[in-house]
Amino acid sequence: MGSIKETKKWYFIFLAIWTLIADIPFLFMFFTSIKTQTELLMGNTWQVPKQPTIGNYSTVIQGSFFTYLKNSVIAVSISVILILIVSSMAAYVFARMKFALNNLLYSIIIAGMAIPIHVTLIPIYVLTNKMKLYDTIFALIGPYVALSLPMSIFILTEFMREIPVELEEAAKIDGCSMFRLYSDILLPLSRPALITVGIYNGTYLWNEFVFALVLTSSPQKRTLPLGIWDFQARYGSDIPAIMAFLTLSLLPMLIAYILGQDKIIKGMMAGAVKG
Amino acid sequence: MQRDRTSKFAQNIGIFLFLAPALILIGIYIIWPIIMSFNLSMFEWDGVSPQKIYIGLKNWKDLLHDSIFWHALGNNIKFIFLSIIIEMPIAILIAVLLDRGGKKFDVFKSLFYLPMLMSSVAIGVLFKYIYDPSFGLLSGILSFLHLDFLNQDWLGDPNVAFYSVVAVICWQYIPFYMIFFIAALSNIPHELYEAAKIDGATQGQYFWKIELPLLSPSIKTACILSLIGSLKYFDLIYVMTEGGPSNATELMATYMYKNAFASFKMGYGSTIASAMFIIITTAGVLAYFATKKNEG
């Protein structure tokens with residue numbers, strides 16, 4: 001018995017060391033964010049700030065932080081709503097309707113999951129310019145929704161196939177239309193899968209960088225990841241202010257994580273579970 | 001009969017209306033761009049002027065002789081192996097220890113997930129300052145441990161930069177694979193442990209005889225994910241080094257971006273993108289069949 005306790009002590013020590021590796025960067029980020037420039041340059045970087053200041057946070061807030069945050073919220077929420085509507089409609093057809101092209105179309109869309117998005121970057125940039133959408137929120141929403149569809153349709157179709165058909169058959173006899181079957185029966189029953197798809201795409205798009213980098217240019221239209229990028233380019237030497245920006249930008253995800261830990265983790269893993 | 005036919009017709013219209021938004025979006029933003037990318041690879045074009053100059057396969061011939069592209073592909077391949085060799089064992093080890101610790105170790109899980117909540121851009125910017133040789137966290141820790149002689153220009157030295165960046169990416173992705181393996185371990189039936197316990201198995205035997213073999217399908221899946229991810233990686237490297245110094249951290253995606261959007265060589269950028277498409281799709285298909293074959 002004693003030996004198992006002994007080994008568990010070693011497990012604990014190893015995990016404690018890993019905690020340091022995983023989390024010390026966050027402590028460094030936060031402590032630096034409440035230091036003054038002078039204290040950072042004079043003292044040891046790993047030291048706890050002696051006279052904490054919130055001055056760096058007011059520098060960040062007086063900048064464009066909230067504009068970036070607002071753009072992120074708008075772009076991500078509109079995208080996620082559209083993704084849920086469009087992919088659940090398609091999934092309903094693929095899971096329930098019998099027609100000649102069903103398997104072929106479904107296979108083509110699922111193959112889209114394997115496409116490296118970078119191959120679409122230059123053509124989408126050209127297209128966005130042609131559609132006069134460059135440097136608008138709408139420039140992002142189109143590709144965000146479209147590129148998320150294959151995975152979302154896949155998850156929702158597989159889920160809907162598992163839902164028993166009896167309910168729909170009863171409703172059909174009562175003369176329910178295809179739209180009512182979808183909106184009143186299939187959608188409510190698919191809630192768990194819709195939440196997973198929403199979180200998966202929400203967290204992914206919240207951090208999306210390369211399309212926002214290519215399709216927008218002015219701070220008034222850029223999302224939070226680009227805000228970080230622009231801010232560090234402009235304030236390159238003011239490290240405490242940059243760390244304050246990073247800390248603030250982590251907060252929304254941190255709050256979401258604290259509120260729905262299990263759901264968030266499950267959503268983040270959704271992309272991987274396809275096996 | 002008549003009624004049947006009209007309802008069949010109504011159903012077909014319904015199917016069409018339900019599928020149309022998805023098919024239109026996928027057509028515009030996925031299928032058309034792939035075709036367009038291969039098409040643009042035949043042109044010399046700066047992305048701005050109305051005139052595109054048709055040059056046939058010249059871009060592709062240039063690509064074959066472009067040593068930076070091959071160097072970038074080499075970096076991608078090095079990156080695949082390093083991330084699999086570093087990430088998988090650590091992620092498996094932590095997952096196994098957490099699984100054995102039971103509920104008491106749950107607090108560790110939350111602490112380990114934190115890197116997953118941060119965007120690649122934020123991580124890249126943060127580590128740029130952690131790596132700073134004069135006031136970064138790393139140099140601070142090294143001098144605290146009296147190991148100053150180890151301190152160097154982590155991102156500025158071409159011989160070191162690639163490994164510095166890979167270390168950060170491993171830090172970022174280990175929590176992801178860790179959760180992946182925790183989920184797989186929770187599916188192992190507990191009777192197996194009980195049986196092994198009765199047979200007097202040691203902790204090591206648990207690992208080699210039960211946990212590792214039962215994890216192997218998940219390990220294969222994780223390796224494929226890592227392989228594909230490493231081939232198209234972009235964000236963090238671009239933020240930390242932009243592919244430099246002197247192409248030391250260049251990957252295919254950063255090289256494609258620089259050609260298309262910094263040098264305005266849209267045609268050549270499209271050639272690199274199309275080559276990435278061919279390489280990644282081939283690698284994905286091969287990896288998929290390689291693992292399927294083993295299972296069958």
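User: How far apart are Asp184(A) and Arg180(A) in helix α9 of chain A, counted in turns?

Analyst: About one helical turn, because these two sit 4 residues apart in that helix. Keep in mind that we're looking at a predicted model.

User: What makes Asp184(A) and Arg180(A) a salt bridge?

Analyst: Check the distance. The closest N and O atoms of the pair are 2.8 Å apart. The cut-off is 4 Å between a side-chain nitrogen of Lys or Arg and a carboxyl oxygen of Asp or Glu, so this Arg and Asp pair qualifies. As a general point, side chains of opposite charge can pair when their charged atoms come close.

User: Are Asp184(A) and Arg180(A) buried, exposed or partly exposed?

Analyst: Asp184(A) has a relative accessible area of 42%, and Arg180(A) has 44%. Partly exposed covers the range between under 20% (buried) and over 50% (exposed), so both get that label.

User: Which residue forms a salt bridge with Lys58(B), and how do you know?

Analyst: The partner is Asp62(B), with the closest N and O atoms 2.9 Å apart. That is within the 4 Å limit, so the name fits. Both residues lie in helix α2 (residues 58–64) of chain B, 4 residues apart, or about one turn. As for exposure, Lys58(B) comes out at 42% and Asp62(B) at 32%, so each counts as partly exposed.

User: Which residue does Glu211(B) pair with in a salt bridge?

Analyst: Arg100(B), with the closest N and O atoms 2.8 Å apart. This pair links distant parts of the chain: Glu211(B) is in helix α9 (residues 203–231) of chain B and Arg100(B) is in helix α3 of chain B, 111 residues apart. Both Glu211(B) and Arg100(B) are buried. Over all chains, the structure holds 8 salt bridges.

User: Why is Asn76(B) called buried?

Analyst: Its relative accessibility is 0%, and buried means under 20%, so Asn76(B) passes. You'll find Asn76(B) in helix α3 (residues 67–101) of chain B.

User: What does the side chain of Asn76(B) reach, and what makes that a polar contact?

Analyst: It reaches the backbone oxygen of Ser230(B) at 2.8 Å. The limit for a polar contact is 3.5 Å, so the distance fits. Setting aside residues up to four places away in sequence, Asn76(B) touches Ser230(B), Leu231(B), Leu251(B) and Met252(B).

User: Is Cys176(A) buried, exposed or partly exposed, and why?

Analyst: Partly exposed, because its relative accessible area of 24% falls between the 20% and 50% cut-offs. Cys176(A) is in the loop between α8 (166–173) and α9 (178–189) of chain A. Apart from neighbours within four places in sequence, Cys176(A) is in contact with Ala171(A) and Leu181(A).

User: How do you know how much area is buried between chain A and chain B?

Analyst: The computed value is about 7,800 Å², with 82% of it from carbon and sulfur atoms. Helix α1 (residues 2–33) of chain A gives the largest share of the side of chain A that touches chain B, 18 residues. That side divides into 67 nonpolar, 11 polar and 4 charged residues.

User: How many salt bridges does the rule find across the interface of chain A and chain B?

Analyst: 0 salt bridges. The rule does find 6 residue pairs in polar contact there.

User: What covers residues 73–289 of chain B in UniProt?

Analyst: An unreviewed UniProt entry annotates that stretch as "domain: ABC transmembrane type-1". In the model, residues 73–289 of chain B are 77% helix and 0% strand.

How values were computed: Residues are numbered from 1 along each chain as its sequence is written. Chains are lettered from A and ligands numbered from 1 in the order in which they are written. This is a predicted model: local features need pLDDT of at least 70, side-chain atom pairs count only at pLDDT 80 or more; totals for chains, interfaces and linings use all residues. Side-chain values use heavy atoms; hydrogens and water are left out. Buried area is the accessible area (1.4 Å probe) that two parts lose on being put together, summed over both. A polar contact is a pair of N or O atoms within 3.5 Å; within protein, one must be able to donate a hydrogen and the other to accept it, and residues adjacent in sequence count only if both atoms are side-chain atoms. Ala, Val, Leu, Ile, Met, Phe, Trp, Tyr, Cys and Pro count as nonpolar, Asp, Glu, Lys and Arg as charged, and the others, Gly among them, as polar. Buried means under 20% relative accessible area, exposed over 50%, partly exposed in between (1.4 Å probe, protein chains only). Contact means heavy atoms within 4.5 Å. UniProt positions are given in the numbering used here, feature names are shortened, and annotations may be inferred rather than shown by experiment.
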